[in-house]
Every structure is written in structure tokens, then in C-alpha cells.
Amino acid sequence: MKFMLSRNQFFLLLFIVQTGSSFFSFPAPFVNAAGRDAWLLFIVSAIFHYMLLLFYERNYDYFTMGPFVSWLYKGYWLFVVISYLAYVDYTLAVWGFPKTPQYIVIGILVTVSLYANLSRAETAINLPVLLIPLILAFLGFLQFAWGDVIWTNIFPIGQITGTEWWKGLLKGQTAFIGIELYLVFRSRVDIKQNIKGLPLFVYQMTWFLFFFFSVLLTIWYFTPTGVKLVPEPLLFLLRTQEVTFIERLDLFFLYIWTVWTIVTVTLVSFTALYVHRQHAKEKQVRDTIIWHVLLVVLPLFFLKKENVDYLNDLIIYVHLVFAIIIPVIVIFINRRKRK
Amino acid sequence: MKKLALISIACSFLLAGCWDERLYKEFTIVPLVGYDREEGELTGYHTYTTVSAPDMLSYSTVVGKGASVKEVGFDANRKIGETLDFSQLQVILVSEEMAKSNLLETFDVLFREPHNRLSSKLAVVEGEIASYMEKTEEMGLEAPDFYLKNLKTAAAHSIIPDINVNEASTRINDKGIDLFLPYIKMSESGEIPELAGVALFSNKVFSGHTLDDKESLIVNILAKQPGKFTVFSYEWKQGNKTYPITVEIARYTKKWNIHDNQIDANYKVKLSVEEFAHNHLNDEKTVKELEQFLSKEMTKDFNKVIKKLQEAKSDAVGFGRTVRAFHPHLWNEGKWQDTFAELDIEVKVKAKIAHSGILN
Amino acid sequence: MDEVQSMDSLILSIKNIFHNSTDLVVREVSWKDGSALVCFYNTITESGEVNRQIEILRHRSIADLPDWGNTAASSVEAFSQSKLVENVTNGFVAIFFPYPNLLLTITMPSFETRSTQEPSNELVIRGKHEGFVESVDKNISLIRKSLGVPDLVVQDLRLGEDTNTKVTYVYIESIADPEVIKEVETRLEHIHASKIMGLGQIEDYLEDSVWTPFPQWLTTERPDRVVANILEGKVAVFMNHSPAALVAPVTFFSFYESPDDFNGRVLVGSFFRLLRIISFFIAVFLPAFYIALTGFHPEILPYELSKKVKLAVEFIPYRPMVEALIVELFIEVIREATIRLPAPIGPTIGIVGGLVIGDAIVNAGLVSNLMVIVVAMTAISSFVVPNVEMNTTVRILRFPFMLAASFFGFFGIAIGTLILFIHMMNQSSLNQPYLSPVIPFDPSRFKNVFFRLPYFKSRKQQQTFTHGAPKQKGGGKT
């Protein structure tokens, strides 16, 4: 698979993967863990995110995957995709499809990813473009909530405790998941286009503002008791908005979010298969199909509420291993070797 | 063979529909419900629509009994043999008795079921709920439309707060503010329900105290949540003649100074005069006098309302939100509603006439 | 042919070649040094004009001019039977000199053609009111008229053993991508069919993918459209006796452009461009949306509207999907019928079908009045596309969406949209991305898609699926 990315394509892909499933599932656990000062915590977390990006940008050349590391990553991505699929399927079952057999819903979701991954590489890469108008609409409709926010909710500032810091920082990692794709695709970016410096900072700020806005809105809109009851605060928030021409905006955005998640699943699958093809050049179609069969079968074991929550907790720790520890080790070893 | 199988599967879908299909024609819309509680048992009155002729909707009411909202609904379903659908619920009426329990717990189903909307209006009614559910001749409209229209108009005139189920839940969950809901009474002739003011809640439940419409307007001003039109009328004495003066609030600012056990609430109000037969509003002296008069009257009225709120232990204005955010020591003194009742709150209104209408 | 053969037997043998067609004229005419045979079809060649040309040539031959046979209208070559047949069937006049064994051809066919009226299926308000006709020569002349440049290249070849049809392709050498030209040439040369009946048949051979609903060649009968497109580096393919041209490589969005956009004012042009793209969404999604609404998500209706919908659907015996299919079928039948109907009674049947039956079907309670509104809106929206082929595509596209909506509501529509999007991204027109600038994603090109910009800058087609890759190389199908 030979392809090249423009700067726009690269950042769009990264943004969609990072926001994909987590932008609905992120605010509630994060605010619950960190309390009123979650927004402060998120700023700290964002600085960490930027440092991680800078570290990646400096060292992406050294990040090469041997078969062993590549298998580790494939396992990780399989895990990520399965936890996303289990989550989206659980949510869909609760909201719209309580009686539909769940394997059918998952089957439909995965079929889309299979179709995209059997097409040209460029098809998967450019799939996020579809989401741009939808994300803009989403942000637009969230603005309706300004009338209902309670500004005083973020005060008093600075009452966060040590354990909350720790828990919050961990939960904040949910917004990071997918950042490792930077290392995978960075070398594919057009050499003529500059990434270092301003473009990277712009990306960081887009990512930051997007999540920061969602965290801030959650704190402002909900009382601490309220946010504990609602697993997807932003969806609930849209549910309460009254727009003249239509009721129940949440239903639209539930399905927009579904599309968003499918695109994320497609992109992560694409990454896994791309990495796989670097050392297994034959029978690519067969491997693609096997991967997607796994995607249909495995999530079916995790469809209960407690399982979904467990996966959402677990994924943070697994992510830390694969976004920080392994890249650092690989880069360190490769730097030594090249010297 | 393969094609044939595919086609037959597709056709069977066409005939049967899917697992989670909810055909609209199979449901009965319920735009208005009323609930009463007696000795732990819930009685629900549902106004539902039926299509009697191809182009006419008619409304009827069915009563259900049970332990929960859902059970009441099922009971009603059984009685009329149709499936009531609450997704178009517009107005929920609750009796005073019912309002004395935590509404959030009672209406859990509204939040938990994805089909239900949270924009329905809530109101408390006095006495037996059954009489409110019936369409009387004086209503003119069908009962659901009557309530919806009345509540909307009243909210636009700042007489009642614009509170729907979601806003109510936010207030019930928030310790720093208390809920207050529209309060509906039967008119003296007993023919038509009237908006009588608001019912004050204290710490999640109805306190038993109510305010009349003029007082509830002041609460809305105090909380800085006015509707579109906010109008005050006073009688102004000049010599031995009295002139009625009606002013509308154009804009205003509030400033709360919170000290230990004392709150000074200052309101600077800019008014536009709507009625004032005395005229001469181009005369600076008259304007000064008028402003002083209005400031005094309004301050008096506002303070009266605060006293009433304190009696009811109901912080409908939301002083508690600011206190919680900026004055933790005061907040931590105890339960906020108790602290609030004991606080020394003094409202000062400074009126200023900004527009005099198109006459002098 | 044997030299000893007498003129009479020669005439007979030539007549035999053409199976004694009665419109074939084979006559002996006397020439300076002996007689010659004139041979043509009098149905496609003007006899009087033939006389005049022969007279000119005779004078030239008497004057003994060198190369007297070669003039602007005639040429001389060695005789062969196949040449004779080819020339005569194409409407030329063949003059056979048996003794030098030469064949003189006078190019003067007079096929009946229409005048170059504006095509009735591609009307514009401002702009040229000319259209192609059923003659490739006239069509090319219409293009040459607009493009007085030597760079305009016209190439032709003949296809179909039985029909011997002339196919012509036109491009501008300095702008067109040589690899695209080469691709067109190869594809045209690989057509092995005994009969070439129409342009649609050629289109099938030239397309990248036949099974997609999306046309990959823009069919147009407007010279100005072809000119604008070949100025952007595209190739236009003509077929003799067909009043249309095929243009490629195109993108999906170019089907939504009309010459009117560029002749009108900037704001107006942009507005109508946007309107067309919105109408695409209405045409594809509206019936599906309505089905999802009444079958899955009635709660999104505002209260006032919900009462109306409730009234409309209460007594309908069918499920929304079936109801929609009834009306859709009905409208498609009316549309198909009005095309075939003679012009005087067409509108009458349209009114009877549309108004009378439409009203009756609602009153009878077979379908709801809202469904009639939805389907009628959809039908009208689908006709906004300034291209007949894309219009049919759009009309077909909505059926899968209706089906998906009746199975899974909004979820079905969302999944359908994704699949449609992936499908469109996979398409190519002459190996170039069909859904450019979405693939490869290039935000700076989007303004050209949604707005008619104030200057008409000829822009090149996006050539590859991969950002920045050398053309034709990247993005191999996996």
C-alpha cells in the first residue's frame, strides 16, 4: 500500500480517531473523577498532550516496528476497536434498538469498515471528510445550551484533592487514545509541507478547545449530582434543547456519533491492517476479512453495562502502555542502534 | 438460488417491519397528564387524542391507578385498549399532595426512557386534580392546548418562570436554588382553571407556601430571569388626584453584596413608561419625583417578597448559587434553606426612567 | 477487375456489389481519354451538384493541369473495391477510371440534418442557444467555431464491423493530460462490437465501472458545455449520427454545474449552485427521512406538527414503506408516460394523473397526503440536476435509502450515507477521482464546488487518489 498524506489529511485523520468514540464518553467520567476543577485539570492534561506530540514529532523517524512490536500494536488496536464497538452497540441498544439482535447491529457497523478497508487506501484515509459538516453542526447545536448554563458552577476554584488529581489525569487519557497513530502515519506526510511548529500547535489547540469546550459545558450545565446520573452528558444536553423546527436533537446526534465511531473504527482497523501488511504482504483480502470477523464476534462478549464500563476503564491503562511506554522504548533502542 | 433467497428476505422485511419499529399510527398521543397521590397510591389522569374522523382529533381522559407513573400508564392502557405514548407530553399537572414528595423520583421514567421529551411544562394545581382535566366550555380550547397556551403566555409576561421538566430537575438537584412552579387554581365560579401564581418548593418538596402573580413576577425579576414583558403598575398621588402609572422594565442590573449573615441586593432598573396620564415627563422635576416614588414602592414590594420566601424557606431566587461559589463559610453553616431563612436580606431598587413612550 | 471487361459488364458487377439497390447510380460518362464510371447513391448525394463537380474536373483534365484530380473537394487514389464501397456508402461520389485503374473521390455527402437548435432537455436561460445535431461534422464545426486554436485536436476512428460508425474524440493538446488521451484511445480501440448503435453503448465500454449508478461520463448536447470542459483538459467523444457528446474525466460535482452559472451573476450563480446541491440531498433523503420519522422516531416532531402527522397516518392501511412505494411507482409511471405521449395530450394526462388520481388516492385512504407531498417534493428536486443521467441516478438512489430507513430508521440512513460515500469515493472517471476534492481531501478546492467564483479560471482535473503522488501511479486498488 503506497500512499501519501497531505498535512490536512493527516491532522483530520488524527483528530477523528482521537475524538471518535470518546467525545461522548469522555466528559462524564472525567468530571466525576476530578470534580468541579476538571477544567483546570484538563489544561494540565493538554500541556502533557502537547509535550507528547512534540516528543513524537522529534522522534518519529526512530519509531519503526518490527514484527513483534507490530503484533503488540495490532492486539492493542483490536482491543481499542472492540471496546469502541461494544460501547456504541450498548448505547444504540439502550437508545434505539432494544429488541434488535445485537449481532445484527454490530454486523452492520463492521460491514461499513470492511467495505472501506477493502477499497483503496485513500478511501479510508479520506472518510473523515464526511464528518466535517456533521461536527460543525454538532458544535453549532451545542451553542443552544448557552442560555441554560450556570456560570457559578465552576466556583470555588482550586478545591481539588490529591486523589482527584491522580484519578482525573488518568481519566483524561481517554481523550488521548489514538495519538499513537501520529507515529504510524507521520512518515507518510508530504515532505514539502511543514508540520513542526505552528501546524502542530494549531492541531493541539483544535483538539484542546474541542474537549475543553465539552468539559466546560458539562460542568456549567450539570450539577455534580446530575452529571453522576448521566453517562453521556452532551447527548443529554442536546436532548433538553428546544429548537423550533424539530424536537429531540439528541436522536440526530446519537446517529451522527454512531457514524463518527464507525469512521474511527474504520481508521483504526485501517492502521492495524496497514501495519500488518508491512510484514505480511500476501493474502491481504483474507486478512482484512478475518480482522472484521473478529470485530463482529468479540464485542458480543462485552455487551453488558458493567463490561462496557470495565473496558472503558481498562483501555486507559492499556493506552498508557502503547502511547508512551512502548514508543519510548522503541525510540530509545533505535536511537542507540543508529548511533 | 442465492438471489431468490436475498429477494425473499428483503420482501419479508417489507411485510414485517423491523424489531424496533414503532409505527406512529399504532400509538395514542398523550399531551396532558395529571397526577395525584393518595396514601401511597398514584392516580393518573391522561388526556389522549383519538382520530374520530379522517380530519378530526378528539380528546378524552382516562384514569389509571398504580404505584408508579409507568404502572398508572399501563392501567390506563388496559382500560382504553390503546397504547398511550408519552413522547409528545406537553403539560404535567401535579396535585399539592404529590408535589410534597420528590418529583424527580416520581418522574424518573421521563429521564430514563429515550422516547420521552424533557421540554414538557410542569404545574402544581390546588385541590382535586380531576376537575382540571376536563374541558370546560369556558376554556375554549382543548385542555392540553389551554394549559400550554396559558403557561407560555404567562411565562412571556414574567408571571411564572419558564420551567420545564429538565429545568426542574436541575433545580431539584442543585442545593443552592429552590424550585418554584406555576400554581393553578379553579376560578371562583369553578368553571375555568386560572394561573394563581407560583408554588414555592423548599429543599426538593413543595413547602405549602404560594405566591400570587404579582409576587411571582418579582421573584422572576430578582432571579434575573424575566420573560419578554415585565410590567409594574402603581398609583401616583399628585395633590389630591391619583394617576395610574404603568412601567415596563427595559433593562436592569443586579448586584449582590454578600457579607456574614447579610445580603444587600441592589437592583438598578431602567424603565419605560407605558401609561401615565399626568404627562410632563419632559419635566426633570416630575421625573425625579417619579423615580423616587417608583424606587420606594418597588423596594417595599421586593422586600416583602423576600420575607415571604424566607418564611417558606425557599430560595427561589438562587442566592445560594452565588453563596456556594464565593462564600463557602456561609454556605457551610448548615443546610442552605435554613441559613437562607435566617439571613438578613435587604433589597434596594433604584429606578430610572429611560423612555417615556412617544408622548412627553 | 479485368481490363477486357466491357463497360456494361463493369456496371453490372458494381451494381452486384451493392446488391442492385435502386438508389445506386452507376453511369458511364465520357472523359478526355475514354469513358469513366460515376457511382453514388442518389439518396444521400445531390445529383445536380455531382454534375457541376464533374464538369469542373473535366475542364481541369482537358486543360491538362498536373494533378487535375486533386482539388479541395476531390482526391485521386489507386482503385480498390473496398475503397469504392467505403466511399459510396459514406455518401461520396466515386469516379472509376478503368484504364489507368484510378479512383477519383468527390467529397460531397448531403445527409439530412436538423438545424442546430437548443437541445430541449438541457435548456438554459442565458448563454448559447445552440445544440449538437446528428452529424459529427456539424458538431465539430460548432466546437471549432468557439475555439479558434490549432491546439484543438480532432481524431476519429471507425467502430463496429456491421455499422461502420465513425467515432470522433476531441481535446486540446496543450491542456489535456496525455495519459488521459492515451487511456481514451486504448479504450476506444478495445471496443470489439459488431454493431455500434448509440452513444450509450460506447459509454458502457468507456466507463471505469459499469455497475455503479453514477455516470462517469458527462453526456451533453450543448457545445458551450463541451467547450468549457475541454478547456479544463477533458476529452469529448462524439459519435456520428448522435446529437450528444461524452465528456470525461469528470467529478461528481461537475454534474451540478450549468452554463447558466457562468453566464449569470456571481451571487446568483452561487446561489443556484448551492440550491442544486441541496436539492440532491432532498431528492435522496427526504422520503427515507419521512419513513424513519413515522416508523421509528415520531418523538422528534414538534407537538403541533405531530397532530397533523397523526391525522394523516391514522387510517392508512399500509406501512410507510409500502405507502411510499405506491406513490413513487405512481409518479415514475406518470413521468415515463408523459415522455412517450404526443405533445398535445401530454400535459392533459399529466394533470389527470397528477391532480385527479393524486387527490383520489389520498381521499381513498391508500396513502397519506403528507406522503404525497414528500414524494412530489422529491420528484421535483430530482429534476433540478442539469443533467438527465444524473437525474435518473438520483431517482434510483433514494430507494435503497427508503429501504434502510424502514429497517432501522435514522440508523439505517446513517449507515446508508456512509456506504454511499465510500462507494462514491471508490469511483473513478478515466482513473481520476470521481469525488474530488473530497478525495484526496483538499479544502482549498471546495470553494469551486459550492460557489461559482467571480472569474472563470480553467482548472485542471484532480488526477490521482493520493495526495501529491505522481499521476496515475498512486492509489493502486488493494
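This report walks through an interface, a helix pair and a domain layout in a predicted model.

Residues are numbered from 1 along each chain as its sequence is written, and chains are lettered from A in the order in which they are written. Because the model is predicted, local features need pLDDT of at least 70 and side-chain atom pairs count only at pLDDT 80 or more, while totals for chains, interfaces and linings use all residues.

Let us start where chains A and B meet. Here 16 residues of chain B are in contact with 18 residues of chain A (contact: C-beta atoms, placed from the backbone, within 7 Å). On the chain B side, α8 (165-173) and α11 (319-326) are the elements that give two or more residues, and α11(B) gives the most, with 4 residues. Helices are DSSP runs of H or I with at least four residues, numbered from the N terminus.

Now to a helix pair within chain A. The axes of α5 (residues 67-95) and α6 (residues 102-118) of chain A come within 10 Å and cross at roughly 125°; the axes are lines fitted to C-alpha atoms over the stretch in contact, with angles from 0 to 180 degrees between N-to-C directions. α5(A) and α6(A) are therefore oblique to each other (neither under 35 degrees, nor over 145, nor 65 to 115). Leu85(A) and Val88(A) are among the α5(A) residues that meet α6(A), whose side includes Val105(A) and Ile106(A).

Finally, here are the domains of chain C, with bounds from an automatic or database domain assignment.

| Domain of chain C | Residues |
|---|---|
| domain 1 | 7-106 |
| domain 2 | 136-250 |
| domain 3 | 261-450 |

The C-alpha centres of domain 1 and domain 3 of chain C lie 60 Å apart.

Note on methods. Contact = placed C-beta atoms within 7 Å.
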